[in-house]
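Subject: Structure for you to take over

Hello,

Here is the structure I said I would pass on. Please open it first; my notes on what was found follow below.

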Amino acid sequence: MNGLFRRVAAEFVGTAFLVTAVVGSGVMASRLSPDDAGLQLLQNSLATGAALVALIVALQPVSASFNPVVTLVERGLGMIDSRTAAGLIGGQVLGGLAGTVAANLMFGLDAVAFSTHQRAGVPLWLGEVIATVGLLLVIFGTVRSGRADRVAFAVGGYITAAYWFTSSTSFANPAVTIARTVTDTFAGIAPSSAPAFILAQLLGGAIGYVLVRFLYPTLAIPAVIAADRKVLS
């Protein structure tokens, strides 16, 4: 129980800081560069990617998925059990909401303000599918090929790039999507747009799972899993 509690706490804290970085940098970008949407996106993407690297490096010894789709794929691959997956996802969703509230308050905004930023349409949903598939390939391709120590840099680099090459600016994360519904800022997404984004992310997760199983049929680093279990026991 103590090990699971620490993992859930790590997911809560990590997702909270990640969303704070996403929302906070979006607000800062809007205020510093109000007339340049491209520069705003650049500032937002760089801050998000850098925060991801730092958070994964810091929390990976405990738990650093920060994403329900990643956790579901871990469950599908047999890396965690259903009880652990449920706890981690709960921590991620609550942490994301806490991160949005913190970012809103830091910038003098209402703690909760539902977004009016509509993000809908087949091109955006396809962007979310592609963004999520790519994220899973980056994460599990790195880990399952024995290079888990590099996953933070791979993920940070991928998300920074995916902000630019996907039409949706790469949410690729149901917990982050839910969290971004309660900020009416640059990074927000209208609550009515969120369900379709999440469905697209889950579809991307299913495709990514199949690709990971096909491309990396065996886990190259059983010792890493054993070490993680020892740390968390």
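S30 sits in helix α1. This is a predicted model, so every value in this message was computed from predicted coordinates. With a relative accessible area of 24%, S30 is partly exposed, because the partly exposed class runs from 20% to 50%. Leaving out neighbours within four places in sequence, S30 has contacts with Q40 and F186. V53 comes 23 residues away from S30 along the chain, and the C-alpha atoms of the two are separated by 23 Å.

D36 is in the loop between α1 and α2. D36 has a relative accessible area of 37% and is therefore partly exposed. From D36 to G204 the C-alpha separation is 31 Å, and the two are 168 residues apart in sequence.

The chain as a whole

The chain has 9 helices and 0 strands. Along the sequence this gives the pattern α-α-α-α-α-α-α-α-α. Taken along the principal axes, the C-alpha atoms fill a box of roughly 50 × 35 × 30 Å.

What radius of gyration would a compact globule with 233 residues have? The expected value is near 17 Å, and the chain has 17 Å, so the two agree.

Of the 233 residues, 52% count as buried. The accessible surface of the chain is about 10200 Å², and 71% of that surface belongs to carbon and sulfur atoms. Among contacts with a separation of 6 or more, 78% are between residues 24 or more positions apart.

The core

The largest nonpolar core has 41 residues. Which residues have the most contacts inside it? They are I56, F66, F140 and V155. The elements that give two or more residues to this core are α1 (2–32), α2 (37–59), α3 (68–76), α5 (122–144), α6 (151–165) and α7 (174–179).

V155 can be followed a little further. Apart from residues up to four places away in sequence, V155 touches L52, I56, L135, V138 and I139. One of these, I56, is also on the list of residues with the most contacts inside the core.

Helix α3

T71 belongs to helix α3. Is T71 buried or exposed? T71 is buried, as its relative accessible area is 0%. Not counting residues up to four places away in sequence, T71 touches S65, I80, A85, L88, I89 and Q92. F17 is 54 residues from T71 in sequence, and their C-alpha atoms are 18 Å apart in space.

The loop between α6 and α7

Two residues here have a backbone angle worth looking up. T169 lies in the loop between α6 and α7, and A172 is placed in the loop between α6 and α7 as well. Phi of T169 is near 60°, a positive value in a residue other than glycine. A172 is not a glycine either, and its phi is positive at about 55°.

T169 has a relative accessible area of 17% and so counts as buried, since the limit for buried is under 20%. A172 is buried too, with a relative accessible area of 1%.

Helix α8 and a surface patch

Which residues make the nonpolar surface patch of about 470 Å²? The patch is made by L203, I207, L211, F214 and L215. L211 is found in helix α8, which covers residues 194–215. L211 has 31% relative accessibility and is therefore partly exposed; a residue needs over 30% relative accessible area to be part of a patch.

R213 is another residue of helix α8. At 40% relative accessibility, R213 counts as partly exposed. Outside its neighbours within four places in sequence, R213 is in contact with G76 and L77. R213 and F140 are 73 residues apart in sequence, and their C-alpha atoms are 9.5 Å apart in space. F140 is one of the residues with the most contacts inside the largest nonpolar core.

For a look at the model, these places can be visited in order: S30 in helix α1, T71 in helix α3, T169 in the loop between α6 and α7, and R213 in helix α8.

Regards

How values were computed: Residues are numbered from 1 along each chain as its sequence is written. This is a predicted model: local features need pLDDT of at least 70, side-chain atom pairs count only at pLDDT 80 or more; totals for chains, interfaces and linings use all residues. Side-chain values use heavy atoms; hydrogens and water are left out. A nonpolar core is a set of buried Ala, Val, Leu, Ile, Met, Phe, Trp, Tyr and Cys residues joined through side-chain atoms within 4.5 Å. Buried means under 20% relative accessible area, exposed over 50%, partly exposed in between (1.4 Å probe, protein chains only). Helices (H or I, at least four residues) and strands (E, at least two) are DSSP runs, numbered from the N terminus. Contact means heavy atoms within 4.5 Å. Patches are made of residues with over 30% relative accessible area and no salt bridge: like charges are joined within 9 Å, nonpolar side chains (Val, Leu, Ile, Met, Phe, Trp, Tyr) within 5 Å. Accessible areas come from the Shrake-Rupley method with a 1.4 Å probe; for residues, only the protein chains shown count as cover. A salt bridge is a side-chain nitrogen of Lys or Arg within 4 Å of a carboxyl oxygen of Asp or Glu. The radius of gyration is taken over C-alpha atoms; the globule rule is 2.2 Å times the number of residues to the power 0.38.
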